[in-house]
Amino acid sequence: MFTDEAQVPVSIQSSWRKSQQTAQESRGCQTRAIHSAEAGVQTRSSVISSTQTELQDHVTTQFLQDPQNVLHLSGLKDFLHQVEVPVIRELVRNSKSHAFDGFQVNWEEHNKMVLCLHQLQHPRALERDLHVTSVSWSCTGAVIACAYGRMAEGDWSNDKSYVCTWNLDHGGLNTKQADLVIDVPTAVTSLCCHPKHPALMAGGLHSGEVVIWDTSQSTDPVLAQTGMSADSHREPVCQVTWVALQNKRDFGVLSACSGGRILLWTVSSEQGKLVLKAAFALVQQQVLSSRTSFKTPAAVSSEYHSVPLRAPAVFSFRPGSGPVHSIHCSPFHRNLFLSAGTDGLAHLHSLLQTNPLRSLRVSDTYVFKVQWSPTRPLLFAAATEQGEVKIFDLSRRSLRPAATIDPGGVGHAATCLAFNCQNTGLLAVGKTDGTVGVWKLSTDLTEQIPTESHLLEQIANQVAE
């Protein structure tokens with residue numbers, strides 16, 4: 001039905017395409033060339049002019065030309081005679097007035113803020129949760145030394161600890177790494193730098209030993225130590241200090257322990273150890289138990305082989321409501337000292353009276369350290385369990401602190417503090433978080449007022465209630 005068949009193809013060319021191509025035209029457009037030019041200007045000359053007033057007053061001119069004849073000026077002599085009597089009367093009245101007692105002109109700008117300069121820390125002490133137990137400045141005032149230990153549930157931990165030093169005058173101070181670290185086999189409970197030799201430090205240990213370190217010896221800094229001998233303390237050492245010996249040239253180390261024993265040590269360079277020179281004890285019979293405050297020196301049995309044990313106390317003071325943590329004698333008055341402890345008060349005592357002269361509320365909790373200012377006779381600082389350091393000025397009428405250092409860190413007590421006796425504007429504070437803060441004090445807290453020593457003498461002469 002269907003078959004294939006081939007057909008011839010047919011093509012038709014478009015006439016529209018050709019007509020459109022012939023109708024296209026090309027057009028172009030261009031702006032004219034834009035001309036630009038640069039120009040500059042500069043002053044080539046300047047003019048400076050000035051003016052000055054001329055002397056017109058003939059009286060001033062006469063005074064400058066002939067100052068010796070100023071009293072012969074018309075009316076001046078009569079005026080001076082007229083005001084002489086009332087001026088002298090007012091000067092006499094002012095000389096007897098006390099309106100400006102204690103006022104001292106100081107043209108420097110006073111800054112009442114307390115500024116934190118450094119927060120020092122030792123990484124290994126932080127890792128082991130050690131507390132700063134004591135701080136002390138070198139005799140040059142450039143090096144701060146601190147001791148580490150830990151109080152665990154009211155008692156000292158016997159773990160190993162450290163003594164660290166930082167040189168604040170060193171250009172490359174690293175606050176997170178001590179310049180010198182001394183490993184100690186047990187907790188260091190007290191530390192004191194030598195008053196004359198910047199490389200020497202004395203320390204008391206939880207074990208009852210007393211050690212002297214020489215920081216100039218990096219390999220073996222232990223210069224001398226008591227060891228566990230029959231003469232050493234049986235209880236933890238709570239305080240060490242350097243004292244001048246009778247020859248006034250050499251120094252010994254005075255150490256006190258929680259058992260009431262006070263031992264005086266001297267350094268034996270031949271034996272390389274501390275030698276017991278004198279021993280003292282506080283016995284129960286000498287503690288104040290009545291209104292009678294003078295006691296007879298008590299005889300005690302000696303437990304030391306090399307020296308006799310003496311009990312020389314002849315006077316005691318009214319006891320507080322809890323243990324005493326700190327005592328510091330005034331550097332400006334031989335009869336005054338401060339005490340502070342668990343009652344939260346700072347008591348100002350006279351060596352001549354049983355009752356305290358004054359008692360100031362420092363904290364609602366414990367006070368761990370109290371210390372007088374080395375430059376101001378009426379100023380002292382106290383470190384509290386709440387972590388604050390409160391600075392009191394007894395020349396003020398207010399019983400509130402003149403300044404408060406609150407470094408933050410809730411739950412970390414301020415365990416110790418130390419004024420810098422050379423750079424008197426610095427105060428070091430150790431805390432239970434393992435840090436040592438170095439604080440800059442304002443001039444208000446370091447510069448003595450004119451009548452301060454007189455006011456201190458008046459307080460010392462008061463009769464306690």
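This is a short walk through one chain, from its overall make-up to a sheet, two cores, a hairpin and one loop residue.

What you have in front of you is a predicted model. The chain has 465 residues, and 39% of them count as buried. It contains 5 helices and 27 strands. Taking contacts with a separation of 6 or more, 49% are between residues 24 or more positions apart. The exposed area of the chain is about 29,500 Å², with 52% of that supplied by carbon and sulfur atoms.

Now the sheet. Please find S2, S3, S6 and S7. These 4 strands make an open sheet, in the order S2-S3-S6-S7, with antiparallel pairing. S2 and S7, the latter at residues 180–184, stand at the edges with a single partner strand each, so each has one side without a neighbour in the sheet. On average, neighbouring strands here are turned by 20° against each other, ignoring direction. Between S6, residues 161–167, and S7 there are 5 bridges, and the two run antiparallel. In that pair, Ser161 stands opposite Val184 of S7.

Next, the cores. As background, nonpolar side chains in soluble globular proteins tend to be buried together. In this model, the largest nonpolar core has 20 residues, and the members touching the most others are Val135, Trp137, Ile144, Cys146, Tyr148 and Trp166. Which elements give two or more residues to this core? They are S2, S3 and S6, together with S25 (414–419), S26 (426–431) and S27 (435–440).

Take Cys146 as an example. Beyond its neighbours within four places in sequence, Cys146 is in contact with several residues, including Val132, Ser134, Val135, Tyr162, Cys164, Trp166, Leu191 and Val436. Apart from this core lies another one, of 19 residues; Leu338, Leu357, Val370 and Leu456 are among them.

Moving on to the hairpin. S17 and S18 form it, with 6 residues between the two strands. S17 covers residues 324–329 and S18 covers 336–341; they pair in the antiparallel sense over 5 bridges. Ser326 stands opposite Ala340 in S18.

Last, one residue in a loop. Asp129 sits between helix H4, residues 123–127, and strand S2, residues 131–137. Its phi is near 60°, a positive value in a residue that is not glycine. Why does Asp129 count as partly exposed? Its relative accessibility is 48%, and partly exposed runs from 20% to 50%, so Asp129 falls in that class.

That is the end of the tour.

Conventions:
Residues numbered from 1 in each chain as written. Predicted model: local features only at pLDDT ≥ 70, side-chain atom pairs only at ≥ 80, totals over all residues. Heavy atoms only, no water. Pairing = 2+ DSSP bridges. Buried < 20%, exposed > 50% of the residue type's maximum accessible area, 1.4 Å probe, protein only. Contact = heavy atoms within 4.5 Å. Areas by Shrake-Rupley, 256 points an atom, 1.4 Å probe, with all protein chains shown as cover. Axes fitted to C-alpha atoms, helices over the stretch in contact; angles between N-to-C directions. Core = buried A, V, L, I, M, F, W, Y, C linked by side-chain atoms within 4.5 Å.
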